[in-house]
Each structure stands twice: as structure tokens, then as C-alpha cells.
Amino acid sequence: MKKESVTTRGITIGEITARVNQLAPKLLEGLSPSQLSAVLRAAKLRRFHTDSVLAIEGHRAEKIFLILEGRVRASVTTPKGEKIVLFWIPPGDISGARAMLSEPIEYLVSTEAVTDGLALVWKRPEIVSLSEQYRKLLENSLIIASDYIEIWRDLHLEASYHTASQRVARVLGSMAKGIGRQVAEGIEVNVTNEELANEANVTIFTASRLLSEWHRKGVLVKGRGKVVLRSPEDLARKCGWR
């Protein structure tokens, strides 16, 4: 099991601050410049590599991560040992928010990197102390938690009222916006059929069939472990998602 590296030579606090200001993470919204500086200086900058594990479900939540670069995903393991990807964490989002609680608690999901990247890391005592000093951190974390509840609400509604093609189109559109990379042909999303099926709540066969159909129609290009969307909006319209 790979772990994140602490090798971050040559990166200054000014560069970190500039990157944070560019991303405008919800966790740090509303902090004054002096408060933001204090919060950032309390963090450690960690470099992580593809397939490295940042947090493991069931282990004590001792760190919170703010992703600065790279692609990260959250997953759970079923009783049969199968890994199910729940959602993706793009730059600017956090993982391991349970570490903000004053009483020790376990991580609810595992977090692993799918590309190389960077993250700011706070240990639990540090982020708890900062949250006591700056109430805005706690308020922001509650908003983030509320956002996740909203996501799960929408997923349940989709499972009841939306077709399989609409659900897959929504997931692809969401991924394109969150973790997509602009290329000459469109927006590239690194995702497998299995990951797409899990998140859209469809079978792998259905996900594969829909991708092949959309590939034939020229809406997207399907490659090994990736999809290039010509136009996420066009796909949404064709499926009646919007």
C-alpha cells in the first residue's frame, strides 16, 4: 500500500496561498487574510502518487485533506470484499472531515489517489484547535456535509424517476466538471465502466452498452479507462437529463 510523500521542496507558502485562492475551497470560505494564513501555516503539504491511500475506512480519523492537485476518489468495501467507488474528490474539495470532531471517530470511507497530486493535511488536534478559534471552519464543514446529503437525495430521486441513460449521462457530466481534463477532442474523464456503473447505479453491461452507443453516435470517444466527451451539454440534451 502506497502512502503520500512529504517531499515538497521548492513550494513556498506564497505559492500555496495563491493556489488556495485560485481554488476557493468551501472549507476556507469567509476567513480573513490573517485567519487564512494561520490555517494554511498549520497544515503540512503532502505529495501523493497514483494508487496511494490517504485514508482507510474503519481507521481512526486523524487527518483531514484539502486536495490541491490531482484526482482522488472515495470508496467503500462490501462484506464480500468488493470495492465500490462512491464519489470523486476534485481539487478544492476535502476528504476526512471526521477528523474535525473533538472526539475520535473512524473514517466512513477510504480515500485513494488515481493520479499524482498535492494535498494540504491537518492533523486532528490542529484542525480541532483551529475550528475552536475560527467558527467559520465549523460552519463551512456543516455546509459541505449538507451538500453531500443533497447529492445523496438527488441520487435516490434519480434511481426512482430517471432512466439508466439519464443517470449515466449525469454522472459523466458531473465527472467532466469535477475531474475532467480539457483535451483537443473535448473533456477527458478517467473512469472505467465499473466505476461509472457503480456511481450511476446501473449494471456494468448497461454502462458499456450506453458508452458504445454514444461512441457510435459521435457524442463521445471511449478509450481504455477513459472517456472523452465532445460536449457534456449535448449528451445531457440527447438523454433528456436537462
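The legends below go with several close-up views of a predicted model.

**View 1. Helix 7 and its two sides.** Here we're looking at helix 7, residues 204-216. Its 13 residues should span 18 Å at 1.5 Å a residue, and the end C-alpha atoms do sit 18 Å apart, so the expected and modelled lengths agree. Thr206, Ala207, Leu210, Leu211 and Trp214 are the buried residues to pick out in this helix. They take up an arc of only 130° around the axis, which puts them on the same side of helix 7. Flip to the other side and you find Phe205 and Arg216, both exposed. As a reminder, residues three or four places apart in an α-helix point the same way, because there are 3.6 residues a turn. Just past the helix comes Gly218, with a positive phi near 80°.

**View 2. Where helix 5 meets helix 7.** Helix 5 covers residues 164-179, and its axis comes within 10 Å of the axis of helix 7. The two axes cross at roughly 75°. With 65 to 115 degrees counting as roughly perpendicular, helix 5 and helix 7 are therefore roughly perpendicular to each other. From helix 5, the residues making the contact are Ala164, Ser165, Val168, Ala169 and Leu172. Helix 7 answers with Thr206, Leu210, Leu211 and Trp214. Sorted by class, that contact has 7 nonpolar and 2 polar residues, with no charged ones. Thr206, Leu210, Leu211 and Trp214 will look familiar from the previous view, as they are among the buried residues of helix 7.

**View 3. One buried face on helix 2.** Helix 2 runs over residues 33-41. Leu36, Val39 and Leu40 are buried here. Looking down the axis, these buried residues fall within an arc of 95°, so they line one face of the helix. The face turned away from that buried side carries Ser34 and Arg41, which are exposed.

**View 4. Two loop residues with a positive phi.** Most residues other than glycine have a negative phi, so a couple of loop residues deserve a look of their own. Ala24 isn't a glycine, yet its phi is positive, about 50°. You'll find Ala24 in the loop between helix 1 (13-23) and helix 2. Its relative accessibility is 48%, so Ala24 counts as partly exposed. Asp51 isn't a glycine either, and its phi is also positive, at about 75°. This one lies in the loop between strand 1 (44-48) and strand 2 (53-55). Asp51 has a relative accessible area of 48%, which makes it partly exposed.

**View 5. Ser75 and its surroundings.** Ser75 belongs to strand 4, residues 72-77. Its relative accessible area is 2%, so Ser75 is buried. Set aside the neighbours within four places in sequence, and Ser75 is still in contact with Glu57, Lys83, Ile84, Val85, Leu86, Val109, Ser110 and Glu112.

**View 6. Leu45 and a partner from further along the sequence.** Leu45 sits in strand 1. At 12% relative accessibility, it counts as buried, since the cut-off is under 20%. Leu45 and Leu118 are 73 residues apart in sequence, but in space their C-alpha atoms are 7.1 Å apart.

Conventions. Residues numbered from 1 in each chain as written. Predicted model: local features only at pLDDT ≥ 70, side-chain atom pairs only at ≥ 80, totals over all residues. Heavy atoms only, no water. Helix = DSSP H or I, 4+ residues; strand = E, 2+ residues; numbered from the N terminus. Expected span 1.5 Å × (residues − 1). Buried < 20%, exposed > 50% of the residue type's maximum accessible area, 1.4 Å probe, protein only. Arc of directions from axis to C-beta. Axes fitted to C-alpha atoms, helices over the stretch in contact; angles between N-to-C directions. Parallel < 35°, antiparallel > 145°, perpendicular 65-115°, else oblique. Contact = heavy atoms within 4.5 Å. Nonpolar A, V, L, I, M, F, W, Y, C, P; charged D, E, K, R; others polar.
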